[in-house]
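This report walks through one model, element by element. Keep the sequence and the structure in view while reading.

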Amino acid sequence: MPEAKDPLRYFRIEARELVDQISSGVLDLDQRPGPEPVAQLLRAAHTLKGAARVVKQKEIADHAHAFEEILVPHRGEAAVPMAAEEMRELLRLNDEIAARVGALEKPPAPPAVAAGPAETPAVPEREEITVNPRAATADLDDLLDAIGETNTRMAPLRTGCDTVERLHRTAEGLADQLRAGRTGAGAQASAERLAGELGSASRRFIDAVDQIERELDDVRAKAEGLRLVPVSTIFTALRRAVRDAADAEGKRVRFDARGGQIRMGAHLLGPVSGAFLHVVRNAVVHGIEPEDVRLATGKPAEGTVTLEVERRGRYAAFRCADDGRGFDLEALRRTAQARGLLAPGGTTPETRDLLDLVLHGGISTAPAVTEVSGRGIGMDAVREVAAQLKGEVQVRSEPGAGAVVELVFPLALLAMTGLNVEAGGTLATVPLDVVRGCVRLSAEEAASAAITGRIVYDGSAAPFLPLTEALYAGSTVPGDAPGLGAAVVMNGDAGLFAVGVDRLAGTSVLVARPLPDLAPASPVIGSVSVDADGNPRLVLDPQGLADEVARGHAAGARTEATASAPLPILVVDDSLTTRMLERSILESAGYEVDLAASGEEALEKAGARRYGLFLTDIDMPGINGFQFVERTRADPRLAGVPAILVSSRASAADRDRGRAAGASAYVVKGEFDQVQLLSHIRRLVVRS
Amino acid sequence: MSELTVAERVARLREDFDRSFAEPARVSGGESIELLAVRAGGRPYALKLTQAAGVHPDRPVTALPTTVRPLLGVAGFAGIVVPVYDLAALLGHPIPDRPRWLLLTAGTPPLALAFHGLDRHLRVPVDCVIDSVIGDGCLRGVVRLPDGDRAIVDVPATRALVHELAGQRPVPEEIR
């Protein structure tokens, strides 16, 4: 049907918004009765009734009218409280209206199997809350504003085109003069004027194009943001599920949800919402105790189920907690034994192991399969969704105090504001929400920060690492980088830390996506975004950076628990004295060291064990150091292990040859500087 | 027969034109094979065009900090971020020069191979290609050309090596 002829075009949009308002309004009213939610619901239902009549949607109008009829006696200050039966009827009408509005949104489908032989399955298969990726009106307005803004920036370009045209004519006139041999002062003056005007026109063009580029960048980011849906869109359906489950069980349960402003792709939110429908129902049915039991144990009569959504770096965490009785560990143990999952009479399993069974074994603590909460289905659903989204599930339970189910998964697309920084010629982005501040560094301050590994900020010394050391681990920093000019101070789990950058390059709104398959990167890289030119830009992971700074900082004695251990170092030298000297230096710096007395022996050892670094002499009988480096670079399995050449040869030609062979650093024995050697190693060594 | 009237020439052109549509489309690979003659790390190779999804010069590659040495970084292709591997390094003879060309490979997940020079595009009869596995397996077959033989880089085998280096087995299915 052509759009213009579709009489329901606007009604669908309006009705969907009104239904959303009604659905959440009914639940508000259920939890916090009062004149305000009643008034809001009446307004929404009344508007819907009117609109539905206009487009001849009689059923929707009639249901909206019935809805109003129930509410009318309860409006105003001195209202009669709602009876439970009335509340149920409101919810039922809400569902009817939602279903009919939903049906209008779907293209006419082949008639579904009506009441017939198809039995309703006892267990719902994969339930999902419909997550509509339609954009909120406010977001669309923002986008339209940004497009309008970009349009207005076209005006100077348009004027510029006229100017260019005029200058073109002037230039032609001048050319005519010159052709006619009129090369006097007049021609020179007009040539100079022309040059001047061209100069200013060119500056205006550059400004205008720069501005348009920035505006378009903004437009692109806003448009990409439209692909993301706020988490709050699923809250109403979850509240409703809690409400219905509580009603069926005769319990009173409050549902709290936090973190609704976080946005993510509809393809993630859909499956997660489905799993959490089960989780919240389970919490009500299995977790929250009947009112009398709660009162007897000193708990409030009303149970609480809380859903908290959080963004942790590039991960999202959905955590559902209840204040019920916790998992019935004894019942779990019995069921597990009956199913042969635990050996009868064996040692008493740890709580942890039992909870793992809940997660993995498809068993449930419920004494019977109930209408709303099937046996073990909730946990199966969460586990499946976790596998699908490459996430992780954790279950915690405290007998008598409640249970927590947490799902953490990587976000595919993530809208964020980033601080762009440049280090060693690479432009990267730091999520702005972890940035505490930026400090400009003088050359002396930069040198001091790099040497001490600390920077004073806000009266305390924060661990500091030049970003290049994290970005160029395992390779050579380009020689033409300007050097440290600023420090970015960030909040980490273990306190403030700072990275040194060459310069700050402004902030931008961006949509970060995970690194592609086949691109394993250091943990300092969290994700990647695509800039206005279509080129990838690295987005740094604050936690990965914090670990890297801590690791760079743990220059020996202090090792962070979070830092992974460096792989052993293979020292290759035909001189026993050098081997022993290097071993003692490396071992006292905390590295594990293997020794090889020749290039051949080293190749053999390198093939048999994973090393984090090769430290090799050049002049050796048989395979020399250059050849050893070349051969290891040529083997894709060894090429990832950085190599440092240590030699008494100090000429530039030898350094060049070393670089050409693929060595990551070159240390001259005569200038042997232990600190410098260790700093190279710290920067380069591969960690497990 | 040398002098044709304009009308005859038009008629002949029209016939040729019509016949070109009447004939079945020529299938490349049937009797001939299309190759790209490239240079990687200073050595000549050939790549089968059917194993490529595109060739792009001078596309910016964003370097990634990584322990996988042949992984140069990532590049953007129509909004998709694609890992870029140095072909010379994968074949075991890296050179310090940054490769200029990117070959977007056929298959999934997306993967681009970087090489230093594009010599030319070739269509050669199938019997110029001698099929044999050379060395570690990234090379498969040799094409005989007037200016010398070129080993053919087998993109699927190279992809398998990349999967191994990246620690990702080419098994798309999740094992539950």
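## Sheets, helices and one interface

In chain A, five strands make an open sheet of mixed pairing, ordered β10-β13-β14-β12-β11. Its edges are β10 (435-440) and β11 (454-457) of chain A, each paired on one side only. From one strand to the next, the twist averages 35 degrees. The model is predicted.

Inside this sheet, strand β12 (residues 460-466) of chain A runs parallel to strand β14 (residues 495-501) of chain A, and three bridges join them. Phe464(A) has Ala498(A) in β14(A) as its bridge partner.

A second open sheet in chain A also has five strands and mixed pairing. Its order is β2-β4-β5-β7-β6. The edge strands here are β2 (253-258) and β6 (392-398) of chain A, and each pairs on one side only. Neighbouring strands of this sheet are turned by 10 degrees against each other on average, with direction ignored.

Strand β5 (residues 315-322) of chain A pairs with strand β7 (residues 402-410) of chain A. The sense is antiparallel, over eight bridges. Tyr315(A) stands opposite Pro410(A) in β7(A). In general, sheet strands pair through backbone hydrogen bonds, parallel or antiparallel.

The two strand pairs are set out below.

| Strand pair | Sense | Bridges | Opposed residues |
|---|---|---|---|
| β12(A) and β14(A) | parallel | three bridges | Phe464(A) and Ala498(A) |
| β5(A) and β7(A) | antiparallel | eight bridges | Tyr315(A) and Pro410(A) |

A helix covers part of the second sheet. Helix α9 (residues 266-287) of chain A lies across β2, β4 (303-312), β5 and β7 of chain A. It runs at about 20 degrees to β5(A).

Elsewhere, two helices of chain A pack together. Helix α1 (residues 9-31) of chain A meets helix α8 (residues 235-249) of chain A at an angle of about 40 degrees, and their axes are 10 Å apart. That angle makes α1(A) oblique to α8(A). Their crossing is left-handed. From α1(A) come Asp20(A), Ser23(A), Ser24(A), Leu27(A) and Asp30(A). From α8(A) come Thr236(A), Arg239(A), Arg240(A) and Arg243(A). By class, the residues of this contact are one nonpolar, three polar and five charged.

Now take a single residue. Val509(A) is found in strand β15 (residues 503-512) of chain A. Is Val509(A) buried, exposed or partly exposed? Val509(A) has 17 other C-beta atoms within 10 Å, so it counts as partly exposed. Leaving aside neighbours within four places in sequence, Val509(A) is in contact with Asp218(A), Ala221(A) and Thr417(A). Val509(A) and Thr417(A) are 92 residues apart in sequence, yet their C-alpha atoms are 4.3 Å apart in space.

Chain A also touches chain B. The contact takes 34 residues from chain A and 36 residues from chain B. On the side of chain A, the elements that give two or more residues are α15 (467-471), β16 (525-530), β17 (536-540), α19 (625-634) and α20 (652-661). That side has 21 nonpolar, seven polar and six charged residues.

Some totals for chain A complete the picture. Its secondary structure comes to 21 helices and 22 strands. Of its 688 residues, 36% count as buried. Among contacts in chain A between residues at least 6 apart in sequence, 67% join residues at least 24 apart.

Notes
Residues numbered from 1 in each chain as written. Chains lettered and ligands numbered in written order. Predicted model: local features only at pLDDT ≥ 70, side-chain atom pairs only at ≥ 80, totals over all residues. Axes fitted to C-alpha atoms, helices over the stretch in contact; angles between N-to-C directions. Helix = DSSP H or I, 4+ residues; strand = E, 2+ residues; numbered from the N terminus. Parallel < 35°, antiparallel > 145°, perpendicular 65-115°, else oblique. Left-handed = near helix turned anticlockwise from the far one by under 90°. Contact = placed C-beta atoms within 7 Å. Nonpolar A, V, L, I, M, F, W, Y, C, P; charged D, E, K, R; others polar. Pairing = 2+ DSSP bridges. Buried ≥ 20, exposed ≤ 12 C-beta atoms within 10 Å, placed from the backbone.
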